[in-house]
Each structure stands twice: as structure tokens, then as C-alpha cells.
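Here is a small set of exercises to work through with the model open beside you. Try each task before reading its solution.

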Amino acid sequence: MNKLFIVFLMFCMTTQAQQNLDLSYYLPQNITYSPSIPTPKSIIRHEVGEWHITHDKLVQYMYALAEASDRIHIEDRGSTFEGRPLLLLTITAPQNHSNIETIRKEHIALTENNSVNTTNMPIIVYQGFSIHGNESSGSNAALLAAYYLAAAESNEVNELLKTTVILFDPSYNPDGLQRFAYWANSNKNKNLNPDPNDREYNEVWPGGRTNHYWFDMNRDWLPVQLPESRIRIESFHKWLPNILTDHHEMGTNSSFFFQPGTPSRTHPLTPKLNYELTKNIGDFHARALDKIGSLYYTEEDFDDFYYGKGSTFPDINGSIGVLFEQASSRGHMQESNNGILTFPFTIRNQFTAALSTLKAGFTMRETLLQYQHDFYKNARAEASKEATKAIVFGDEKDAARTFHLAEILKRHKITFHELKKDLSTHGKQFKKGYSYIVPKNQKNTRLLNAMFETRTQFQDSLFYDVSAWTFPLAFNLDYAENISTSNLGAEVTNLKMKTGDISGKSNYAYLMEWHEYYAPKALNDILNNNLRAKVAMQPFSLNGKTYDYGTILIPVQNQTKDAEKLFTFLKSVAIESHLQINAVSTGLTTGIDLGSSKFKTLTTPKAALIVGDGIRSYDAGEIWHLFDQRYDIRLTKLDTKSISQSNLDRYNTIILPSGSLSAEASKKLKLWVENGGTLIGYRNALRTLNENEFIKLEFKKMERVAKSISYEQREDYNGANVIGGAIFEARQDRSHPINFGYKNDKISLFRNNTLFMKADKQSYNNPIQYSENPLLSGYISKTNLDSLASTVPFRVNRLKSGKVVVFTDNTNFRAFWYGTNKLLMNAIFFRKEL
């Protein structure tokens with residue numbers, strides 16, 4: 001009874017404190033604030049923390065500050081998918097603003113010269129907030145930090161601004177922030193209720209964490225596939241900040257975390273001094289949080305391994321990345337193991353950490369500038385030892401995938417060249433115009449190494465995220481290292497995608513190879529225009545050219561367009577899809593003739609994607625993005641709640657991402673398959689499909705027995721047996737339609753699950769099969785590696801008149817696994833032939 005009374009008393013006190021909220025709760029009170037600078041409330045009409053800031057109001061306030069303060073310059077750098085502005089505030093002393101481009105150039109020169117004088121050089125600090133939209137205390141704290149930096153009047157603040165240029169990014173994820181703010185605010189009670197069962201604290205699917213296409217943007221710093229990331233990375237490379245902060249939230253029952261993370265889980269390419277400097281910066285956070293009485297911890301849980309995260313990406317670029325994780329109220333007030341956790345409390349901690357970062361930067365200015373200078377000086381010394389070496393990558397059949405990897409290099413300021421001439425090396429063929437060569441002797445050589453390396457040995461067996469991301473493997477491109485720089489052609493300064501074309505006009509037929517990345521986009525355009533198209537089930541030769549499995553045939557006769565209009569249309573398709581279409585005047589070939597039954601008629605895909613409760617939003621979003629942004633294929637999103645009431649006969653293909661379905665939805669879906677539909681299932685959905693007898697699958701059963709493992713070690717032991725994300729080799733039967741468009745007989749697959757599907761006894765039913773020793777890069781326990789060997793990641797079975805296609809692995813991972821996107825496209829376009 002006494003305990004209940006204490007909880008009730010704490011709740012009453014906390015509620016009253018929140019109702020009496022004003023800026024004095026957050027701001028240092030030993031200084032004055034300029035009355036000419038608008039407070040947040042004067043613009044957004046509520047106190048910070050009273051409501052969750054919506055992105056439109058956040059933008060409104062940042063513009064008001066920039067108009068009122070000569071310390072702030074604001075820049076609209078571009079838009080999100082939903083059209084929201086991606087702002088960057090440059091905050092510094094007024095005299096620095098008048099000289100800002102000189103300051104930037106001198107700062108970049110620090111990374112390029114062997115000697116430098118840092119005595120009067122400003123430090124550059126990039127502060128970013130809430131890359132996960134529902135971790136919103138960061139962006140709400142940005143209101144306070146921006147106000148403080150604009151309005152605070154003291155010698156300390158003036159000196160800080162004279163010696164610091166702050167690149168201030170108030171919302172890394174505007175679309176997610178807006179989505180979450182709407183949820184939290186629309187479910188807020190007048191009488192604040194901390195009960196975690198309240199609707200306020202339980203977002204509807206997919207939640208506000210992600211961007212428009214449901215991507216976790218804090219994994220996209222290295223792949224840079226999303227507009228928000230591309231704009232942010234452009235700003236990063238333009239300035240090369242000394243410190244970059246990334247403000248997050250974590251579970252409600254936690255406290256506050258700041259880096260460094262677990263020492264043994266730092267990437268080996270990160271200099272050891274980086275860890276020590278991060279720790280020194282952490283001392284400033286500790287003192288600041290001690291002062292306001294907030295609990296915290298460091299050097300636990302989180303790591304600095306994957307360079308695609310905001311707090312780790314800076315580490316391979318001569319900067320110090322700092323992660324903050326605040327226990328989340330996920331609304332306005334929630335019960336926790338540490339008492340009632342209020343939204344204002346979480347904001348105050350984030351604000352405090354933002355200021356302690358600036359104090360650390362101010363105090364450690366010359367040390368951090370010297371570290372960055374030495375980082376690049378040492379990198380140049382390393383690169384000079386490989387002055388005659390280069391990396392070559394490409395695919396002589398697919399210029400688009402080659403282009404998109406080169407595009408990432410360009411975004412990261414990595415220099416690359418055309419091949420001087422065709423190159424044959426390491427048993428691979430690299431064609432000029434379809435390949436690029438990257439010299440190792442360049443400024444960003446360490447970043448280049450991080451992108452291309454393969455690694456299978458690790459100090460630790462636990463990973464917060466993936467353990468491998470080797471880019472040429474992700475793109476399924478041929479590549480070779482230690483290539484002589486004598487093969488360098490002209491440096492590529494104006495990267496352009498290959499221009500598509502048609503070889504001429506035909507009155508007989510056209511042929512389009514299936515190797516190019518955008519071939520599915522082209523075929524979809526053709527079929528959507530009610531044109532007949534067929535796919536070649538075998539290779540053939542015509543006019544001195546060999547056409548591979550999967551070549552698309554478009555006859556001229558008996559089409560809905562006459563010969564002239566068909567030519568004009570196909571020319572536009574070739575240009576828009578960046579590929580070659582060849583005109584032919586005869587059906588007589590070496591191999592299967594164009595009138596052969598080995599050419600199978602294709603029908604227009606009518607696809608739907610199952611989304612909603614029970615489905616992993618990341619996986620669903622990746623597929624949606626692939627269809628919508630890459631291939632311009634119309635895709636219906638079917639919510640799990642409405643499948644039972646939907647007319648599924650509208651679709652011939654339905655995709656089930658990783659997840660599960662209700663019994664009622666499964667029954668409806670199964671009947672649809674039996675009547676002729678094609679169902680494509682991914683990852684954990686395979687268990688649902690197996691249990692509901694859509695398909696009969698047999699999985700390897702794993703039994704692990706912990707020996708000599710203490711209670712304290714049990715979490716690490718279990719974690720070491722997780723496949724967090726690694727790359728594996730599989731063999732391909734290129735004659736199977738699922739593998740059409742692939743020129744090699746091996747493929748690199750990304751895997752982050754322990755679903756080991758046994759091979760069929762009939763070898764032709766195993767068109768993709770993991771090799772006996774499949775690990776290419778990343779961490780996997782020996783037990784899991786043994787279990788994975790010779791299993792299959794793909795299976796197709798007939799179910800009455802329909803088909804069920806399953807993949808154990810994600811073929812669309814984080815939008816940058818270009819190399820396996822075509823597997824899904826093949827399952828859709830060639831579904832009748834599987």
C-alpha cells in the first residue's frame with residue numbers, strides 16, 4: 001500500500017511539473033537571453049515538451065530564428081520523398097559568417113596538406129537529431145539548442161561561436177517525425193496517463209521510426225540510396241566535420257547512453273585514437289549529466305563496427321561519431337523502472353548532451369583538428385605504398401549496376417577512372433564502358449578499403465548490425481584487386497548512365513537481353529502497352545551475336561501497334577531503361593528459332609504486396625521502393641487486416657514479406673493460390689507457409705548445448721550464434737528461369753537468419769544452392785556455417801493451379817543489394833515457367 005502511495009505521489013508531482021513547464025526547466029540560468037530572439041513558444045504556440053513538435057512547426061521555428069539572428073544561416077538542401085524540406089542551419093559567430101567559405105576551404109585543406117597550423121582554426125561540429133522519427137526527443141531538443149545558440153549572451157557562448165562552426169540538422173527524418181508526432185499528439189490525454197497500455201504508447205504499423213518507404217535511415221550513411229541520406233552525405237563531405245552527433249532513443253526502462261561503445265566491437269579500420277578521443281568527449285557528457293542528476297552509462301551494448309550508421313560513418317572519415325541513446329517516453333509520460341519518465345525529461349537530457357558536445361569541441365578543438373589532419377596524412381602514407389595498385393569492377397552485360405556502384409563512390413568523393421581498354425584478369429573479363437577502375441592512391445583510400453574489403457576474422461562475435469557489406473558482392477559485379485594503374489583511362493568527372501538505343505527498325509522482330517538491371521522496367525512498359533512478348537528458355541545466336549537465357553522477343557506482326565509506332569515506342573523504352581534493343585529481320589537462328597515453342601508467352605504482372613500488422617515493415621518497404629522507385633511497376637499494398645475482405649482475383653502475383661498471417665487470411669490466400677495465383681514468400685513467412693501447407697519444406701534442426709558457459713555469459717553466447725548479416729556464395733543453374741539475366745554460375749547472397757532449408761533430392765529443383773564452404777565475408781559461427789552449407793535459399797512448388805515461390809533470404813536488402821533484385825523480378829515475370 002505504501003509503495004502504491006509513493007508511485008501516486010511521484011505521479012502527481014511529475015504531472016504538476018509538466019503542467020508548469022517553461023524554458024527554465026531546460027536552459028542554463030546563469031546567463032541572459034536576447035529578447036530579440038523568438039522563443040519556441042512564441043512561434044510554435046506551446047512549450048517545448050508540452051506537445052511533440054511536428055516537422056512543419058520545427059521548420060517554421062528554424063526560419064524564424066534565422067531571420068532574427070545574425071548567428072544563423074539557414075539552407076533548404078532538398079526534399080524528402082513526401083516533399084518536406086531538409087534543412088541545415090550553419091550556426092557560428094557573425095564575423096565567421098562573412099568569411100564562411102574561406103573557413104570551409106581552409107578546413108578541407110587541413111585534410112589535404114602535410115603541415116597545418118590549427119591555432120586559429122575553428123572546429124566543425126555537425127549536430128543531427130532523430131534519424132528515427134519516433135525517437136523524437138532529439139528533434140524537440142533541437143528547438144532548445146538552436147534557441148540557446150541564437151539567444152544566449154555570455155562570454156563563454158561568444159567564444160564558443162568564434163571558434164566553432166555548427167552544422168545543425170534539426171531533423172534527419174522529417175517524414176518519420178511528422179508521422180510519429182501526429183500519432184503521439186492525436187492520442188494525448190489532457191490528464192496525462194503514464195500507463196504503458198494506453199494507445200498513445202502503441203503506434204500503429206509501421207510506426208514513425210522509418211522514412212516514407214519504411215527504411216531505417218540510420219543504416220544508409222554508406223550506401224546512400226535515399227534522398228535524405230544523399231543530401232546529408234553531401235553536406236558531410238563538403239565540410240568534413242570533426243565531430244558528428246546522432247541523437248536517438250532506446251527502451252523506456254533504460255537510462256541514457258553515450259559513446260564509446262563496447263571496446264572489442266570497433267571496426268579494425270578505425271584508428272585506436274578515435275576510441276580514446278570519443279572517451280574524452282564522453283567525460284564532458286558525464287559531468288553535464290551528473291550536474292542535472294541524470295543516470296547514464298557508456299562502453300556497453302552499442303558498437304562501432306558497421307560504417308553505415310551515423311555514429312560510425314564519421315570514424316572512417318577522420319571524424320568522431322557520437323551516438324546518444326535516451327530512454328524513450330514514446331509519448332508524453334510513461335511508467336518505467338526508473339520512475340515516471342516524462343517527455344520533457346528526455347528532451348532535457350538530449351539538450352544537455354548537445355551542449356556538452358559543443359563544450360567538448362571547444363575545449364578539445366586543437367586536439368580534434370590535429371587528429372583529423374593526422375588521419376588523412378597517415379591515410380596518404382598508406383595509399384602511397386599502393387601507388388601502382390587499383391581495383392577494377394564491372395559487368396560487361398550490365399552497365400546499370402556498374403553505374404550505380406560508381407555513383408556511390410562518386411557521392412563519397414572516391415576517384416575512379418574509365419578502363420583504358422578491355423581487360424582480362426583473374427579469370428574475369430572487364431569491358432571498357434561497362435567497368436571502372438579505382439586507384440588505391442587517393443585521399444579517401446580508407447573509405448574505399450572499408451567498402452571493398454572482405455573480412456571473416458573478428459575480435460568479437462557480437463554485432464549490433466551487419467558484419468559485412470562488401471559492395472561489389474552486394475551488386476553481384478565482377479571485381480579484382482591489385483590491378484596495375486597502367487590500366488587507368490580518363491578520370492570520370494561526369495558520371496552518366498549508359499544511353500539506351502534500338503539498333504534499327506524491323507518488320508519482323510526485336511530482341512532485348514535480360515542482363516541489364518532495368519530490363520524488368522522495360523518489359524513492364526511493353527506488357528502494359530498490351531504488346532506481345534516472349535522469353536527465350538534457351539540460348540541462341542543471330543547475326544553473329546549470342547543471346548542468353550531469358551532474352552525477350554517482341555514480334556512485329558499481330559501487335560496493337562503498327563511497325564512504325566512499335567519502333568518509336570521501343571526506342572523510347574530503350575532510352576528510358578538504359579538498354580539496347582536489337583532489330584532482327586529473320587527468325588532463323590543458330591539454336592532455337594524465334595518461332596520455337598522454347599519461347600514462352602509472357603503476361604502482364606498484376607502484383608500486390610502484403611503489409612501491416614505481423615509483417616516486417618523494413619522488408620515490405622524495400623519491396624515497395626524497388627517497384628515504385630526503380631522499376632515503375634504499379635504495386636497494390638494489401639493490409640493484413642483487410643485481406644479476408646479483399647478481391648484477390650485482381651492480382652496474379654502476391655508477395656508476402658517476412659512475417660505471419662492470421663488463420664483467416666492464410667485460408668483466403670491459399671484458396672487464391674489454388675485457383676492459379678503465384679505467391680512469393682520471404683524469410684520468416686516460410687514458416688507460416690509451411691505450417692499452413694502452402695508448400696512442404698524441410699528445415700535443418702539445430703541443437704546447441706552450452707558448455708562451460710556461465711549465467712553471465714549466456715547473452716553473449718546466444719548472440720554469437722545469431723547471423724547478424726553476412727555474405728555467402730551460392731551456385732546457380734542458369735537454365736532455370738529464376739536465374740535468367742545472370743551471366744555467372746555463382747551469386748553472392750545476403751543472409752541474416754538461421755533458416756536452413758534442405759535441398760530437394762532432385763537436383764533440377766535446386767537452381768540456387770549454397771556451396772559447401774559458402775562464407776564470403778562477415779561473421780557466422782562454425783555451427784551455423786556447417787548447417788548452411790549445401791542448403792537452398794529458393795524453392796518453388798505447385799499448389800493445384802497456382803504456385804508458391806519462397807526465398808529464405810532478403811533479395812532487396814536496404815535498397816543497395818542490387819545484385820539479387822532480379823531474382824524477385826524473375827519470380828514475377830516468369831512465374832508461369834518456374
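**Exercise 1. A turn with positive phi**

In which loop is Lys413 found? Once you have placed Lys413, describe its backbone and decide whether this residue is buried or exposed.

*Solution.* Keep in mind throughout that this is a predicted model.
- Step 1: Lys413 sits in the loop that runs from helix H13 (399-411) to strand E13 (417-419).
- Step 2: its phi is near 60 degrees, a positive value in a residue other than glycine.
- Step 3: the relative accessible area of Lys413 is 51%. The cut-off for exposed is over 50%, so Lys413 is exposed.

**Exercise 2. Another positive phi**

Repeat the analysis for Lys800: what is its phi, and where is Lys800 found?

*Solution.*
- Step 1: Lys800 is not a glycine, although its phi is positive at about 55 degrees.
- Step 2: the loop that holds Lys800 lies between strand E35 (794-799) and strand E36 (802-807).
- Step 3: with a relative accessible area of 62%, Lys800 is exposed.

**Exercise 3. Cis peptide bonds**

Examine the peptide bonds that lead into Pro206 and Pro260, and place both prolines in the fold.

*Solution.*
- Step 1: Trp205 and Pro206 are joined by a cis peptide bond with omega at about 0 degrees.
- Step 2: Pro206 belongs to the loop between helix H8 (174-186) and helix H9 (227-239).
- Step 3: the bond from Gln259 to Pro260 is also cis, and its omega is near 20 degrees.
- Step 4: Pro260 is in the loop between strand E8 (256-258) and helix H10 (272-292).

**Exercise 4. Two helices side by side**

At what angle do helix H3 and helix H6 pack, and which residues make the contact?

*Solution.*
- Step 1: the axes of H3 (residues 55-68) and H6 (residues 137-151) are 11 Å apart, at an angle of about 5 degrees.
- Step 2: angles under 35 degrees count as roughly parallel, so H3 is roughly parallel to H6.
- Step 3: H3 contributes Leu58, Tyr61, Met62 and Leu65, while H6 contributes Ser139, Ala142, Leu143, Ala146, Tyr147 and Ala150.
- Step 4: sorted by type, the residues of this contact are 9 nonpolar, 1 polar and no charged.
- Step 5: a reminder helps in reading the list: an α-helix has 3.6 residues a turn, so residues three or four places apart point the same way.

**Exercise 5. A covered helix**

How many residues of helix H16 are buried, and what covers them?

*Solution.*
- Step 1: H16 spans residues 519-528, and 9 of its 10 residues are buried.
- Step 2: the buried residues include Lys521, Asn524 and Asp525, as well as Leu523 and Ile526.
- Step 3: among the covering elements are strands E20 (509-512) and E24 (552-555), along with helices H17 (563-576), H18 (617-630) and H23 (821-829).
- Step 4: just after H16, Asn530 has a positive phi of about 60 degrees.

**Exercise 6. Buried asparagines**

Compile the surroundings of Asn721 and Asn349.

*Solution.*
- Step 1: Asn721 is in the loop between helix H21 (714-719) and strand E32 (726-732), and is buried at a relative accessible area of 12%.
- Step 2: beyond four places in sequence, Asn721 touches Arg704, Thr754, Ser781 and Asn784.
- Step 3: the side chains of Asn721 and Ser781 are joined by a polar contact of 3.4 Å.
- Step 4: Asn349 lies in helix H11 (residues 343-363), and counts as buried at 2% relative accessibility.
- Step 5: with residues up to four places away left out, Asn349 touches Phe256, Leu289, Ile292, Ser294 and Gln326.

**Exercise 7. The whole chain**

How many helices and strands does the protein have, and how compact is it for its length?

*Solution.*
- Step 1: the secondary structure comprises 23 helices and 36 strands.
- Step 2: the radius of gyration is 29 Å, close to the 28 Å that the globule rule gives for 834 residues, so the protein is as compact as a globular protein of that length.
- Step 3: the C-alpha trace spans about 90 × 70 × 65 Å along its principal axes.
- Step 4: of the 834 residues, 62% count as buried.

Methods. Residues are numbered from 1 along each chain as its sequence is written. This is a predicted model: local features need pLDDT of at least 70, side-chain atom pairs count only at pLDDT 80 or more; totals for chains, interfaces and linings use all residues. Side-chain values use heavy atoms; hydrogens and water are left out. Helices (H or I, at least four residues) and strands (E, at least two) are DSSP runs, numbered from the N terminus. Buried means under 20% relative accessible area, exposed over 50%, partly exposed in between (1.4 Å probe, protein chains only). A polar contact is a pair of N or O atoms within 3.5 Å; within protein, one must be able to donate a hydrogen and the other to accept it, and residues adjacent in sequence count only if both atoms are side-chain atoms. Contact means heavy atoms within 4.5 Å. Axes are lines fitted to C-alpha atoms, for helices over the stretch in contact, and angles run from 0 to 180 degrees between N-to-C directions. Angles under 35 degrees count as roughly parallel, over 145 as roughly antiparallel, 65 to 115 as roughly perpendicular and the rest as oblique. Ala, Val, Leu, Ile, Met, Phe, Trp, Tyr, Cys and Pro count as nonpolar, Asp, Glu, Lys and Arg as charged, and the others, Gly among them, as polar. The radius of gyration is taken over C-alpha atoms; the globule rule is 2.2 Å times the number of residues to the power 0.38.
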